[in-house]
Amino acid sequence: MCHRMLLIVFFDLYFITDKLQLMFVVAYEMLDSAVGKEQCIASIETPFFQPVWSRVLALFRLVSLKKEQLVATSMTRYMATTPLNVGVRRKFCLMDQLITASDDNYPYQPAVTELQRLVTCQSPLDKLEGIVKTSRIICTCVEDYFESQGKPRHSSETAIGCDDLLPILSFVIIKSQLPQLVSECNVMEEFIHEGYLFGEEGYCLTTFQTALSYISKLAEKETMDN
């Protein structure tokens, strides 16, 4: 029943936003281009989604309940984990910060704070921007740490590749204690125009979804082991 309702809501919202975009293009011919259409979508999204966002998200959360429960289980079990315990390479564990860690001061804490703000956003594009900012802050945390050690901010040593970003992002997501991020990502995937899913935005969203899958599998593994 929930899946059926979700499909109905999705097609209704998609139809309405598509018609609104078309009206913009008819009224302003200069918007009849790929860039112009993206500008239309960006202008429409916030005022369109804000009144209905809580209800749309609630429906997505009902459909994604089982996966959210798995992620919530992992977040609870690994609440006090360290970057090292989720596969982060030692050089990116920010060891000095780890030694002096506390509840409100630990490695990548600024990235966790930024990610927690994501739930206050009320449109898919704003949420995608929050994920991109979180990934950028992770890089800034690494650069700040190496600089504090007397090393250059930008070098091959501080560069974070995909294999390094994934476990760091997993750690940040766990520390956020927000299992609803599963549903937030599902909404973004459904409603964000494909033009925004290339380049940095698409890379960040894909990496974020992969990290969530990894976190849910942690709970599945614990269940199987027990």
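Buried means under 20% relative accessible area, exposed over 50%, and partly exposed in between, with a 1.4 Å probe and protein chains only. The model is predicted: local features need pLDDT of at least 70, side-chain atom pairs count only at pLDDT 80 or more, and totals for chains, interfaces and linings use all residues. Residues are numbered from 1 along each chain as its sequence is written, and side-chain values use heavy atoms, with hydrogens and water left out.

**Whole chain**

Select the protein chain and colour by secondary structure. There are 10 helices and 0 strands; helices (H or I, at least four residues) and strands (E, at least two) are DSSP runs, numbered from the N terminus. Of the 226 residues, 41% are buried. The chain exposes about 12,300 Å², of which carbon and sulfur atoms supply 57%; accessible areas come from the Shrake-Rupley method with a 1.4 Å probe, and for residues only the protein chains shown count as cover. Take contact as heavy atoms within 4.5 Å. Among contacts between residues at least 6 apart in sequence, 77% join residues at least 24 apart.

**Helices 1 and 2**

Select F24, in helix 1 (residues 2–27). F24 is partly exposed, because its relative accessible area is 32%. Add Y28 and M30: with F24 they form a nonpolar patch on the surface, with about 340 Å² of accessible area together. Patches are made of residues with over 30% relative accessible area and no salt bridge; like charges are joined within 9 Å, and nonpolar side chains (Val, Leu, Ile, Met, Phe, Trp, Tyr) within 5 Å.

Go next to C40 in helix 2 (residues 34–49). C40 counts as buried, at 3% relative accessibility. Leaving aside neighbours within four places in sequence, C40 is in contact with Q21, F24 and L31. Measure from C40 to T17, C-alpha to C-alpha: the two are 9.7 Å apart in space and 23 residues apart in sequence.

**Two helix pairs**

Two packed helices are described by the angle between their axes and the distance between the axes. Here axes are lines fitted to C-alpha atoms, for helices over the stretch in contact, and angles run from 0 to 180 degrees between N-to-C directions. Angles under 35 degrees count as roughly parallel, over 145 as roughly antiparallel, 65 to 115 as roughly perpendicular and the rest as oblique.

Select helix 3 (residues 53–63) and helix 9 (residues 181–191), whose axes come within 9 Å and cross at roughly 110°. The two helices are therefore roughly perpendicular to each other. On the helix 3 side the contact residues are W53, V56, L57, F60 and R61, and on the helix 9 side S183, E184, N186, V187, E190 and F191.

Switch to helix 6 and helix 7, which pack at an angle of about 175° with their axes 8 Å apart. This pair is therefore roughly antiparallel. P110, A111, E114 and L115 of helix 6 meet helix 7 residues G130, K133, T134, I137, I138 and C141.

**Salt bridges**

The structure holds 10 salt bridges, each a side-chain nitrogen of Lys or Arg within 4 Å of a carboxyl oxygen of Asp or Glu. Start with R61 and E68, whose closest N and O atoms are 2.8 Å apart. R61 counts as partly exposed at 30% relative accessibility, whereas E68 is buried at 5%.

In helix 7, show E129 and K133, which meet in a salt bridge (3.6 Å, N to O). They are separated by about one helical turn, because they are 4 residues apart in that helix. E129 is partly exposed at 43%, and K133 is partly exposed at 37%.

Then show E200 and R136, with 2.8 Å from N to O. This pair links distant parts of the chain: E200 is in helix 10 (residues 199–225) and R136 in helix 7, 64 residues apart. Finish with E143, D144, E147 and R153, joined into one network by salt bridges that share partners.

**Two loop residues**

Most residues other than glycine have a negative phi. Y108, in the loop between helix 5 (95–99) and helix 6 (109–116), has a positive phi of about 65°. Y108 counts as buried, at 1% relative accessibility. Q177, in the loop between helix 8 (162–176) and helix 9, also has a positive phi, near 55°. Q177 counts as partly exposed, at 30% relative accessibility.
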